[in-house]
Amino acid sequence: MAATGSPIQADRAAGLGVLLAACVSALVVNANTSAVTILLPAISQDVGAPVATLQWAVTGYMLVGAAVIVTSGALGDVFGRRRIFLAGLVLFVLSCGLIALSTSAAGVIAGRMIQGAAGSTILACGMSLLSVGSAGTGQLKAITRWGAASAIGGAAGPLIGGVLVGSTGWQGLFWIDAAIAALCVPLTYFTVKESRDPDRPREIDLLGTVLVAVALVPLVLALSEGGGWGWLSFPTIACLVLSVLGGIGFVQAERHATAPLVDLTLLRNRVLVGSATAILLVAGVINALMYLLSLYFQDPDGFGMTALQAGLATLPAAAAMIAITPLITPLAVKIGPRYAVAIGFGLATAGFVALAFVSPSWEYGAFVLPLIVLSIGLGLANGPASAASTSAVDQDQVGQASGISNMARYVGGSLAVAAAATVSTAVTDGRTTSGAGAAEALTAGLAGGAVLLAVMSAGGVALVLLLRRQRSEPVTAVHLAAAAAATSHTIPTRATPPVAGSVPPSGGAR
């Protein structure tokens, strides 16, 4: 369905308090999220648990985030956006403390799952508070700053994590993040006004939230453990069956919910479906790549880097995605989002194919060009897909479309990390069993993961069939910020008109 024009609004800038609270918290959440993979080897050594187990610190975070990000927006609409945002901040502080004090993998994983709920709540409700606290061009300026903060946090996270591991220990990241989030609590309480959506049904689709988890958790468990259990074993098949039943139950629940988590009628919009699928694939391959590389770079049988060196080693990829940002939107406007997405996934496929030929003789320099190429490709695919997901629907559906695309981002990350880790481990173990040396086996595992990510990227090229040329619009700062932030969150590029006082792009059902 084509987007319609929004009503004329008076320009109103966001207040300094809400701008600082939303932007600082978004920066901290995204930096924390991207830093954790760099910390895994240090955490593994400290708590005495294998990295394969600590993979759940990454996938668990994303699984909970997928289930909660839309629900938290709905809770804000009903019970107050400031109240739910504050609850997210407090939960984030507590989760940071739990993780930092943990002496076992169970504590770290539990803390990260709680953090997934807190982080998604902070992002969803922070965006809502900015939207209701501003209007017109003032709203677009506020969203631009929020997007820039999110992008900076995501890009700087691995480097910050590396610095802190060497200076304060891995716990330092969580203590610092807890302190910053704690400072945002009084700032929000005393400077941000409360807001609700009085026209929204008060029912919260908790059943839908639970069924999202029922569908995803067994699937990720099967992907993570299927290699060890056996792909045709009872536990694996039982997990897959439970996942399918959860998915079926979710669809049925959404059809009968008063205020559904996902408006299933929107899934008839092929542009939204195509863009959400592209977002899922991009988030998946980015998170899986960072997971594989951070472990390979720090493994003694790989490059044996320190956490700081590994963080620095990821900079070419982050720099390439940032550098391509000013070109993404103008190019997408010129050639159309579907061709931009297809070209982007084509470049990503080429980069992953190159990495599939990795060998123990490769020095770090051999990784740089493939990483730059695939990062440019993923940035080129992600920006237009994120923009298309909200521009292809009516103005009053922007919140739902944003929620669907953000849920897809979390789902993609959790599934791809689990799958890539399983493939890499299986190939490494297989080569070790056949008598290969440790370095050769480790490299073969990385190559196997790269092959999987190449296949996923190649599948993204086919999305050209679902996307269509969108109506061209002038490229502004908010488009650039949206493209830069697209790896972590979908933000609208049009001012959102107020309905019954406000309509935020939180993803809450209407």
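This is a walk through a predicted model, taking in a pocket, a surface patch, two salt bridges and a few individual residues. Local features are given where pLDDT is at least 70, and side-chain atom pairs count only at pLDDT 80 or more, while totals for chains, interfaces and linings use all residues. Residues are numbered from 1 along each chain as its sequence is written, and side-chain values use heavy atoms, with hydrogens and water left out.

Let us start with the second largest pocket, which holds about 720 Å³ of space. A pocket here is found on a 1 Å grid over the protein atoms alone, as an open set of points where a 1.4 Å probe fits, with protein on both sides within 12 Å along at least five of seven lines; lining residues have an atom within 4 Å of a point. Grid points are joined across faces, edges and corners, and the volume is the space filled by probe spheres set on those points. The lining of the second largest pocket comprises 26 residues, and Val51, Ala52, Tyr291, Leu295 and Thr425 are the ones nearest its centre. Two or more lining residues come from each of α1 (16-47), α2 (51-54), α8 (206-229), α10 (270-298), α15 (398-433) and α16 (438-461). Helices are DSSP runs (H or I, at least four residues), numbered from the N terminus. The biggest contributor is α15, with seven residues. By character, the lining has eleven nonpolar, twelve polar and three charged residues. In this division Ala, Val, Leu, Ile, Met, Phe, Trp, Tyr, Cys and Pro are nonpolar, Asp, Glu, Lys and Arg are charged, and the others, Gly among them, are polar.

Two of the helices named above are worth a closer look. Gly445 belongs to helix α16, and it counts as buried because its relative accessibility is 0%. Buried means under 20% relative accessible area, exposed over 50%, and partly exposed in between (1.4 Å probe, protein chains only). Gly445 and Ser424 are 21 residues apart along the chain, with their C-alpha atoms separated by 4.1 Å. In helix α1 you will find Ala35, which is likewise buried, with a relative accessible area of 0%. Its C-alpha atom is 35 Å from that of Asn269, which is 234 residues away in sequence.

Next come the charged pairs. Side chains of opposite charge can pair when their charged atoms come close. A salt bridge is counted when a side-chain nitrogen of Lys or Arg is within 4 Å of a carboxyl oxygen of Asp or Glu, and the model has two of them. One joins Arg81 to Asp77, with the closest N and O atoms 3.1 Å apart, and both of these residues are buried. Glu440 and Arg431 form a salt bridge too, at 2.6 Å from N to O. Here Glu440 is partly exposed because its relative accessibility is 36%, and Arg431 is partly exposed at 34%.

Turning to the surface, Trp231, Leu232, Ile237, Val241, Val244, Leu245 and Ile248 make a nonpolar patch of about 730 Å². Such a patch is made of residues with over 30% relative accessible area and no salt bridge, with nonpolar side chains (Val, Leu, Ile, Met, Phe, Trp, Tyr) joined within 5 Å. Accessible areas come from the Shrake-Rupley method with a 1.4 Å probe. Within the patch, Ile237 sits in helix α9 (residues 234-256) and is partly exposed, at 38% relative accessibility.

Our last stop is around α14. Tyr364 lies in the loop between α13 (337-355) and α14 (365-391), and at 22% relative accessibility it counts as partly exposed. From Tyr364 to Ser389, 25 residues along the chain, the C-alpha separation is 37 Å. Leu378, in helix α14 itself, is buried at 1%, and its C-alpha atom is 9.9 Å from that of Ile324, 54 residues away along the chain.

Technical notes: Patches are made of residues with over 30% relative accessible area and no salt bridge: like charges are joined within 9 Å, nonpolar side chains (Val, Leu, Ile, Met, Phe, Trp, Tyr) within 5 Å.
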